[in-house]
Amino acid sequence: MTVEEQNGRDDDLVAAEYVLGVLPAEERAQVSRRIDDDRAFARLVEEWEARLAPMAEGFAPVPPPETVKAALDERLFETAHAARKPGLWESLAFWRGAAVAALLGLVIVGGLALNGSGWRPGEQDSRLRFVASLTHDDSDVRYLAVYDDATRDVALSHVSGERPQGRDFELWAIEGDEPPISLGVIPSGASVHISLSGALGEALRRGAVFAITAEPLGGSPSGAPTGPVVAAGDLRDI
Amino acid sequence: MTPDEITKLIFRTALKERAAFDLLYRYTSAKLFGVCLRVLQDRAEAEEALQEIYVKIWTKADRFAASDLSPISWLVAVARNHAIDRLRTRKAPAGEIDEATDIADPAPGPEASAVAAGEKRRIDMCLDELETERAKAVRGAYLDGDSYAELAERFGVPLNTMRTWLRRSLLKLRECLEQ
């Protein structure tokens, strides 16, 4: 067995031990950091999660007490909580939250502004939206893309993978055998936002796919992709 | 709730849609609370852990997009890993966990699909091909969060022996599952 084979085997076993849960705290912490940094290793872990997952049938469901959800809401949505009090509009936290929501192309549903829990079935489900998970086997670049047909916004959430030095990521829509259409260079940041023309919106509704390529800074000089595809994915409606 | 519907709820949670998150909690919290209780064996701690788990789900839901796991498997993985991390970093480890708690596996609920039932049968069959003790160790680790140290003590073998045992068992298990 070569050193490389031995290392590969060890990685696979460490992944298995991590998933099974038998490692001591320090080793678990190390492995957990490695999952964040090393995509190939993360894949081994995920394969073991999938393999052992059927055993999870053995966990009997137990409804948690109502107090848990109330405490959770307080922990997560202090801003929503504050909505019932005066002074919200001066609250920095609220505006920060609102700015993030706006970046994601979200409509802040009635709940936040009105009473903090105002969900009504079906209320917000009529909008046509598509989601795509953009990935590629040869790279660790991952984006979650959400297209909102009503506003023709593409919200991109950066999940993992850095752009190579001196390159930009460019987003493309590809419909069938047509040449890819550039949607522009993806701004850097965790959540970014690109607006589309009406024609492109129709292409997406007809089932175009998204792809991301690495291009020279400022985007492809020719208007057609020149760099390798680092991530791609189909759109599905949600 | 079908897996597809849970997938949509996770995606919408990634977009910070609180209504979707509330529904996701409503449909999945009993399962994840079951994970916390079984691993932590302490109700107050399990409640605290469950909160932390849903905070993680709220903030990291977009990572599900990068995963090939089924939605419920992804959620259970988040919950199990968190509960086990908590268990491992407890101030006073072992000691009181002398006796193995033997909780019988519940009968699969009506929501368990035929596919899930088939997969469960398959892994049970593969576990049955291992020596009884070793299958017990694998199940104990997965469902109760037993550590190498606890397993070694329970089965009265040195830690390294336990590790070799379990590693071999995992390789055998994989071989069987991939047949």
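**Exercise 1. Chain A in outline**

Among contacts in chain A between residues at least 6 apart in sequence, what percentage join residues at least 24 apart? Then list the secondary structure and the buried share of chain A.

*Solution.* A word on ground rules before we start. This is a predicted model, where local features need pLDDT of at least 70, side-chain atom pairs count only at pLDDT 80 or more, and totals for chains, interfaces and linings use all residues. Residues are numbered from 1 along each chain as its sequence is written, chains are lettered from A and ligands numbered from 1 in the order in which they are written, and side-chain values use heavy atoms, with hydrogens and water left out.

Step 1: take contacts, meaning heavy atoms within 4.5 Å. Of those in chain A between residues at least 6 apart in sequence, 53% join residues at least 24 apart.

Step 2: look up helices (DSSP H or I runs of at least four residues) and strands (E runs of at least two), numbered from the N terminus. Chain A has 8 helices and 9 strands.

Step 3: apply the burial cut-offs: buried is under 20% relative accessible area, exposed is over 50%, and partly exposed is in between, with a 1.4 Å probe and protein chains only. Chain A has 238 residues, and 40% of them are buried.

**Exercise 2. The five-stranded sheet**

Work out the strand order of the open sheet of 5 strands in chain A, then follow the strands from β9(A) to β3(A).

*Solution.* Step 1: strands pair here if DSSP finds at least two bridges between them. The order is β6-β3-β2-β1-β9, with antiparallel pairing. At the edges sit β6 (191–195) and β9 (236–237) of chain A, each pairing on one side only.

Step 2: β1(A), residues 129–134, is joined to β9(A) by 2 bridges, and Phe130(A) has Asp237(A) as its bridge partner there. Phe130(A) also stands opposite Tyr147(A) in β2(A), where 6 bridges hold the antiparallel pair β1(A) and β2(A).

Step 3: on to β2(A), which has 7 bridges to β3(A), residues 153–160. One example is Val146(A), whose bridge partner in β3(A) is Ala155(A). The two strands make a hairpin with 4 residues between them, and Arg152(A) in the turn has a positive phi of about 50°.

Step 4: check the burial of β2(A), residues 142–148. You'll find 7 of its 7 residues buried. One face carries Arg142(A), Leu144(A), Val146(A) and Asp148(A), the other Tyr143(A), Ala145(A) and Tyr147(A), and both are covered.

**Exercise 3. The four-stranded sheet and a loop proline**

Which strands form the edges of the sheet β5-β4-β7-β8 in chain A, and is Pro221(A) buried or exposed?

*Solution.* Step 1: the 4 strands form an open sheet with antiparallel pairing. Its edges are β5 (181–185) and β8 (229–233) of chain A. From one strand to the next, the twist averages 25°.

Step 2: β7(A), residues 209–216, shares 4 bridges with β8(A). Across this pair, Thr213(A) stands opposite Val229(A).

Step 3: Pro221(A) is in the loop between β7 and β8 of chain A. Its relative accessible area is 70%, so Pro221(A) is exposed. Not counting residues up to four places away in sequence, Pro221(A) touches Pro216(A) and Thr226(A).

**Exercise 4. A helix pair in chain B**

Describe how α3(B) and α4(B) pack, then place Glu45(B).

*Solution.* Step 1: chain B has 8 helices and 0 strands. Buried residues make up 52% of its 179 residues.

Step 2: two packed helices are described by the angle between their axes and the distance between the axes. Axes are lines fitted to C-alpha atoms, for helices over the stretch in contact, and angles run from 0 to 180 degrees between N-to-C directions. For α3 (43–60) and α4 (71–88) of chain B, the axes come within 10 Å and cross at roughly 130°.

Step 3: classify the angle. Under 35 degrees is roughly parallel, over 145 roughly antiparallel, 65 to 115 roughly perpendicular and the rest oblique, so α3(B) and α4(B) are oblique to each other.

Step 4: the α3(B) side of the contact includes Glu45(B), and the α4(B) side includes Arg86(B).

Step 5: Glu45(B) lies in helix α3 of chain B and has 14% relative accessibility, so this residue counts as buried. Leaving aside neighbours within four places in sequence, Glu45(B) is in contact with Leu40(B), Arg86(B) and Arg90(B).
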